[in-house]
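Biologist: Please take a close look at one part of this model, the central strand region of the sheet, and walk me through its surroundings.

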2 protein chains.
Amino acid sequence: MSTDSQVRNIPKTVKEGPFGVFLWGGQEKFDRRRDVFQELSTNPMFAKDTGAHTSLARKDAWTKGALQSRELITIKLRKNWPHRHFMDAIRMTDWFLPVQPQFRIFMSNLERQMTDEQKRIWIPKAENFEIFGSYPQTELGHGSNVSGIETTATFDPLTDEFLINSPTISSTKYWIGGSGIWATHGIVVARLIIRGQDHGNHLFLTQLRDLKTQQLMPGVEIYEMGPKAFQGMLGADTGALRFHHVRIPREQMLMRNAQVERDGTYIKPKNTKHSYGSMVTVRALMAEITGHDLLRAAVTAYHYTTFRKQFKRDRVNDKNETTVFNYASVRHRLLPLLAQGIALVLVGQNINQAYQEYTQQMLKGDTSDLEDLHLQTVGAKVYSTEITGKGVETCRIACGGHGYSGLSGFGRMYAHAINAVTYEGDNYVIGQQVPRAILKHYKNKTEASLPSISYLSVLRSEKPRQPPADLTNATSWTSRGVQQWALEQRLVSMVRQHMEDTNANVDTSYTTHALTMAHSDFAYWRGLWKVVDAISHESFVEHMKALAHVFSLSIIYNPHHPSLSQHLPLAPNQLAALRKAYSEVLADLGDNHVAAIIDAYGLTEYEMDSALARADQTPYEALLEGAKRSEMSGEKMSHLWPMMVDTRQIWKREKAKAKL
Amino acid sequence: MSTDSQVRNIPKTVKEGPFGVFLWGGQEKFDRRRDVFQELSTNPMFAKDTGAHTSLARKDAWTKGALQSRELITIKLRKNWPHRHFMDAIRMTDWFLPVQPQFRIFMSNLERQMTDEQKRIWIPKAENFEIFGSYPQTELGHGSNVSGIETTATFDPLTDEFLINSPTISSTKYWIGGSGIWATHGIVVARLIIRGQDHGNHLFLTQLRDLKTQQLMPGVEIYEMGPKAFQGMLGADTGALRFHHVRIPREQMLMRNAQVERDGTYIKPKNTKHSYGSMVTVRALMAEITGHDLLRAAVTAYHYTTFRKQFKRDRVNDKNETTVFNYASVRHRLLPLLAQGIALVLVGQNINQAYQEYTQQMLKGDTSDLEDLHLQTVGAKVYSTEITGKGVETCRIACGGHGYSGLSGFGRMYAHAINAVTYEGDNYVIGQQVPRAILKHYKNKTEASLPSISYLSVLRSEKPRQPPADLTNATSWTSRGVQQWALEQRLVSMVRQHMEDTNANVDTSYTTHALTMAHSDFAYWRGLWKVVDAISHESFVEHMKALAHVFSLSIIYNPHHPSLSQHLPLAPNQLAALRKAYSEVLADLGDNHVAAIIDAYGLTEYEMDSALARADQTPYEALLEGAKRSEMSGEKMSHLWPMMVDTRQIWKREKAKAKL
């Protein structure tokens, strides 16, 4: 079926069906999305107005974000919303709000790092929004390298307090979400110093502002750090914080794992693995949700490219221009991203699920699964943010010039997706943990203990592995066995190279990034097929198989980095067969399945907030309407007209002067 | 030499030396840069204030841009600046201004498309800024596909006028720079209709606004089209225009090539090639200047990454943390971009130079070189904008988290670089002209007539070409012969594939993009070595050779698309040698040459406008200072404090309500 004849079919409200429930991650998540949608889309405080807030002064945009935060707090308290409802509602507002850290990072640290006694005091305050939380970790001088943090918390046994101090400019806490104007408290990451001895980083709940006046507490110096690139995170106040010997009671060190006693005795944590926890929590969450950011861009681009027509494919015989979605230049960009976005969502949520289950175990003292989970979350964070960040921009560019309009919404989507490649650990830095684990387990011959690197056993085999089918036959490439063979071959070759480099003392900080991507390709490939194999609904299993094949062959034929191709050397006729297979699965997805998948995912116009994807208007009507509503249209700038008229007279005056 | 010990060396003013003059494209261009720098950097109207205008409301930012335009007009008229001074000054303001179209596209069309008589009337008006110009071509419904334009200019023989009309919403002129508020005139691209007969697109000088009042002319409907993605082009008002049977005198059709006589007789152009002209002009200019946009990002990132330290390379033996520039993860990203940026500048300016010379010939009636120039400018536009757009963002991400600060300037750089992949022709669309020309000349056996595709002769040869040296030897890869062999082999394989696809009626609109990039790789490789070979200065020829090798091996080993690797199949030991060679030339550039190149290029802090590259402040000091100056810091948002205090009381009220 050609998509030429498709009518626009963009939902205004959330509609339920088994395929949609599956794509959104199950009934619970689907219902939550519907609840949140219902609440926000009908509340004028959350009215979407494509591009409008990107025309505001930054402080006016933030004011809107602060008032939305207040409204969300009211809704949560009134409706007894669970935390995840609240967090998903922030995501649906489609920017970053000052209240975002409250559960995402503040509360989750209270939960995991406080003693039961501390929790009894602080958790209710945080849940009721009696206090506004933030998490001051990153400093001007150190981000991903948390061991370089300079802020100190020195124990004063005379007063039973810690003195929080920023000794240098580079120790200024920077990029601290919600702390610039909003937060009253921060969980400060600081080096614990007792009697001159440095015990490394610990967490200290520090009051930043007076609860009754919002004035800064004595010794606390805070600035709002200014604009972000791409007009990103407009709704959030991000703080630069310095502490000048700020005193907090000893009880405000988070003491679930390590403790400081009244006399200054330091009791170190029984299990040092706990320190992983905080970043891993957010990374696990990112693994689950990031793919939806890519899907929003892909679905928006789908709706636009199935509307826009351009050129006749056959200049002589075609009466009408062709819908641009039908060109290979669009399909080859959008369809793999759609498949990858869905893979990120379906596999990522399983990683987060496993992490959540682990957290429950950990609270009971069992940390056995942590290493594998840590590896999975690091890989998933790097993989999902790389693909999503770049993919959102690819979707925008595939829409041509109108993608650059602020009204298309793509600019906002990119601004809020691409920062994830650096926050919660720069991808090039944290990605190195994957090859590090690979080397360790290979050396110790313990790869069988970690499911995510079990492919290393292939590396031990002396003889080359033969492909399980004839690679010069295009249909071979749609067999699971061949796909696995290809991904493993490539990975094994890259691991071998990495081992040689490491032994030769070569700096691998660049090449490990591609290796981590290849590792995750394999993990997601396996994860996606596992999900597809478990589908019991006849109604959509074929759609998902078609999509899984596009995912599989996209990562093999058109990988995330050219070096991945170099590690899978294929003969020209094998490559030609792979190319043919990839073209065929793309054509199958594009002709027979994509419309059903987009329809089932059912992203509403409210969620997309793009002039290119409106239910009742064509993109052209919506773009023209956007221009009519511009605050710079018509007479709204007429106070400057006399200046422009006069500017056209300057030449006369200059000529007269020159004659003098 | 390790760069660990380097001190920051960021110039405040333009300094002259032979290498710098060379890198800026010769004495004339260097002097112009210095003149413009001198004028702007000392004029408070053009004070740079990293990130400040990104905090303004859009209309306030535009107002600043309009006032800067007025100031620039005054300077130009007073100093008798040539057009290029004026155009470069707009570039140095670092955003898009309403007055930008005046020479870049408005005047250049008057020059090329008006009769001598028309020019005598209109050129002085445009030069004096008595009228403000714009170029309404793109419509909501059609951009790169200009043949789809719907706006009509219908000749009325009774009144000797044309009626300009926009019959549909999709015929609304959109993305028209400077027309939203500023411009008084537009060169409207419209289909010429005489007695019901459609003669295709022609140009019509149309008055948009009254010169004395700035009011819209009768029948002209204009809106300012709203925000752009990434807060791009803040200084420019971009218009959406509709014409309702707007009458203009017959004399305002641009009639150098085609004419309409008093009685409606249409005289078609002698040479239809003229219609190329307008977009080619801008593309040729883009070829020359785009590389500087990439270099600015690369130099800014260089200054930051040679300052920032992170992690100890050897945890046990190193006392200090390592400068991040010394990690492979940074060098492998920045150094190839530096080399590519310089190649874009040095080769691109030769393409523009050739085009300028051709324009002079064309005015005398000679259009013989046009096809080759057209091919060169299309290739250069696609190539330079792809590499620059993506490269700027790679530089930002290589700087880690602080790259996302608005104060770093990278967001602005990206916003103003990436739009070039769609404007003046979407790269995926216009890039198809390169393979189209290849096929035509291959069929006609006329490839020898076009220097830029002479490599096609290789394709005619029956027997496989042997490499000119042992490819398993790393030093082979630094020989010119091997580099040429590799680039030609790859290209020939891609062209062969393209021919097969075309014969099989496969849609090649996706794959041609990679082919155009590979074609341009070769053109720029040849162009760069030609420039390097012509250097007579002993003082910098070695630096340029080191840089040219990084350029050459970067495009071979780490190409712009994975498919380029697939078309250059190498045996594992050949690939290992290439990899080794690439590592070595990168190390050589990074250790022995990059500092001298950055120093010679001498980009001033004013030109970079980044908190990460200040002469008298470390990046940390500048980021902290930026936060202190934030319009949202301290008490500036204290009017909202009572709202925040009250929000923390909501829980009490809700609890009380619940109890009732």
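Modeller: In this predicted model, strand E1 of chain A is joined to strand E4 (residues 185-194) of chain A by three bridges, and the two strands run parallel. Within that pairing, A:Thr154 of E1(A) has A:Ile193 as its bridge partner in E4(A).

Strand E1(A) covers residues 152-156. Strand E2 (residues 161-165) of chain A also pairs with E1(A), this time through five bridges and in antiparallel fashion. A:Thr154 takes part here as well, standing opposite A:Leu163 of E2(A). The hairpin formed by E1(A) and E2(A) has four residues between the strands, and A:Asp160 there adopts a positive phi near 60°.

How many residues of E1(A) are buried? Four of the five are, taking buried as under 20% relative accessible area. Strand E1(A) is therefore largely enclosed by the rest of the structure.

The sheet as a whole is open and has five strands, in the order E5-E4-E1-E2-E8 of chain A, with mixed pairing. At its edges stand strand E5 (197-207) and strand E8 (246-249) of chain A; each has a single partner strand, so one side of each is left without a neighbour in the sheet. On average, and with direction ignored, neighbouring strands of this sheet are turned by 40° against each other.

Going from E4(A) to the edge strand E5(A), nine bridges join the two, which run antiparallel. One of the pairs consists of A:Arg191 and its bridge partner in E5(A), A:Asn201. Helix H5 (residues 101-113) of chain A packs on the sheet, where it touches E4 and E5 of chain A. The direction of helix H5 makes about 45° with that of E4(A).

Chain B can be read in the same way. Its open sheet of five strands has the order E5-E4-E1-E2-E8, again described as mixed in pairing. The edge strands of chain B are E5 (197-207) and E8 (246-249), each pairing on one side only. From one strand to the next, the twist averages 40°. At the E8 edge, four bridges join strand E2 (residues 161-165) of chain B to E8(B), and these strands run antiparallel. There, B:Glu161 has B:Pro249 in E8(B) as its bridge partner. Helix H5 (residues 101-113) of chain B lies across strand E4 (185-194) and E5 of chain B, running at about 45° to E4(B).

As for how the chains relate, chain A is superposed on chain B by a rotation of 180° with 0.0 Å of shift along its axis, at an RMSD of 0.0 Å. The two copies are thus related as by a two-fold rotation axis. Their contact takes 130 residues from chain A and 130 residues from chain B. Of the interface residues of chain A, 100% are also interface residues in chain B, so the copies meet through the same surface. Between chain A and chain B about 11500 Å² is buried, and carbon and sulfur atoms give 62% of that area. A:Phe230, A:Tyr404 and A:Arg648 supply 8% of the area that chain A buries against chain B, more than any other three residues.

Outside the sheet, UniProt places a feature named "domain: Acyl-CoA oxidase C-terminal", from an unreviewed entry, at residues 486-636 of chain A. That span is 73% helix and 0% strand, and its end C-alpha atoms lie 61 Å apart.

Key:
Residues numbered from 1 in each chain as written. Chains lettered and ligands numbered in written order. Predicted model: local features only at pLDDT ≥ 70, side-chain atom pairs only at ≥ 80, totals over all residues. Heavy atoms only, no water. UniProt positions renumbered as here; feature names shortened; annotations may be inferred. Buried < 20%, exposed > 50% of the residue type's maximum accessible area, 1.4 Å probe, protein only. Pairing = 2+ DSSP bridges. Axes fitted to C-alpha atoms, helices over the stretch in contact; angles between N-to-C directions. Contact = heavy atoms within 4.5 Å. Least-squares fit on C-alpha atoms with pLDDT ≥ 70 in both. Buried area = accessible area lost by both parts, 1.4 Å probe.
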